[in-house]
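Thanks, everyone, for making the time this morning. Before I say anything, please take a moment with the sequence and the model on the screen, and then I will walk through it piece by piece.

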Amino acid sequence: MTIRSPRTFNQWLDEQMTDPDFAAEFERVGEEIHLGSQVRAIRIGLGMTQAELARKAGTSQSAIARLELGQIEPRIHTLRRVGDALGARLLVELQPGTAA
């Protein structure tokens, strides 16, 4: 009996990324998580709680929590309100040739 060494996460991910649907979803989720981490970093840097940001942005604390965790696909107008509440500028960019 041959014992195989377990695959690493990176090996598993490399295999999964050969599926175009998986790769597209992975990229989309990664963008949402990155955006959420930016919101969280700016908020914390300002010494602001999620509740304070929510009040200034006209939304709920739970919506801010979901945004920071990358659990929602926020609309641009929501991101503008959050950006305004943080004193941050929202930049949206499309780059040719990068879509799946």
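Let me start on the outside of helix α3, where the exposed residues R55 and K56 sit on the face turned away from the buried side of that helix. I should say straight away that this is a predicted model, and that what I describe is computed from its atoms.

Turning α3 around, the residues of this helix, which runs over residues 50-57, that count as buried are Q50, L53, A54 and A57. Looking down the axis of α3, these buried residues fall within an arc of 100°, so they line one face of the helix. That fits the general geometry: an α-helix has 3.6 residues a turn, so residues three or four places apart point the same way. Just after α3 comes G58, with a positive phi near 75°.

What do the buried residues of this helix join? The largest nonpolar core has 11 residues, and L53, A54 and A57 are among them; the others in that core are V39, M48, I64, L67, L79, V82, A85 and L86. Helices α3, α4 and α5 each supply at least two residues of this core, and the largest share, 4 residues, comes from α5.

Now to helix α4, in which A63, I64, A65, L67 and E68 are buried. R66, which is also placed in α4, is partly exposed instead, at a relative accessible area of 34%. For a sense of scale, R66 and E15 are 51 residues apart in sequence, and their C-alpha atoms are 29 Å apart in space. α4 is followed by G70, which has a positive phi near 75°.

Of the residues in α4, E68 deserves a longer look, and which partner does its side chain meet in a salt bridge? The partner is R43, with an N to O distance of 2.6 Å. E68 lies in helix α4, residues 61-68, and R43 in helix α2, so the pair ties together parts that are 25 residues apart in sequence. Are these two residues buried or exposed? E68 is buried, with a relative accessible area of 8%, and R43 is buried too, with a relative accessible area of 8%. By the rule applied here, the count comes to 1 salt bridge. As a general matter, side chains of opposite charge can pair when their charged atoms come close.

Staying with α2, this helix also holds G36, which counts as buried at 0% relative accessibility. From G36 to L94 the separation is 58 residues in sequence and 19 Å in space, C-alpha to C-alpha.

The next topic is empty space. Rolling a probe the size of a water molecule over the atoms shows where such space is left. The second largest pocket holds about 220 Å³ of space, and α2 (20-45) and α5 (76-86) each supply at least two residues of its lining. The residues lining this pocket are L35, Q38, V39, I42, L79, V82, G83, L86, A88, R89, L90 and L91, and by type they divide into 9 nonpolar, 2 polar and 1 charged. If you compare the two lists, V39, L79, V82 and L86 appear in the lining of this pocket and also in the largest nonpolar core.

Finally, a word on helix α1, residues 9-16, where L13 has its place. L13 is buried, with a relative accessible area of 13%, and its C-alpha atom is separated by 20 Å from that of G70, 57 residues away along the chain.

That is the tour, and I am happy to go back to any part of it.

Conventions
Residues numbered from 1 in each chain as written. Predicted model: local features only at pLDDT ≥ 70, side-chain atom pairs only at ≥ 80, totals over all residues. Heavy atoms only, no water. 1 Å grid on protein atoms, 1.4 Å probe; cavity = no way out; pocket = protein on both sides within 12 Å on 5 of 7 lines; lining within 4 Å. Points joined across faces, edges and corners; volume = space filled by probe spheres on them. Nonpolar A, V, L, I, M, F, W, Y, C, P; charged D, E, K, R; others polar. Salt bridge = Lys/Arg side-chain N within 4 Å of Asp/Glu carboxyl O. Buried < 20%, exposed > 50% of the residue type's maximum accessible area, 1.4 Å probe, protein only. Arc of directions from axis to C-beta. Core = buried A, V, L, I, M, F, W, Y, C linked by side-chain atoms within 4.5 Å.
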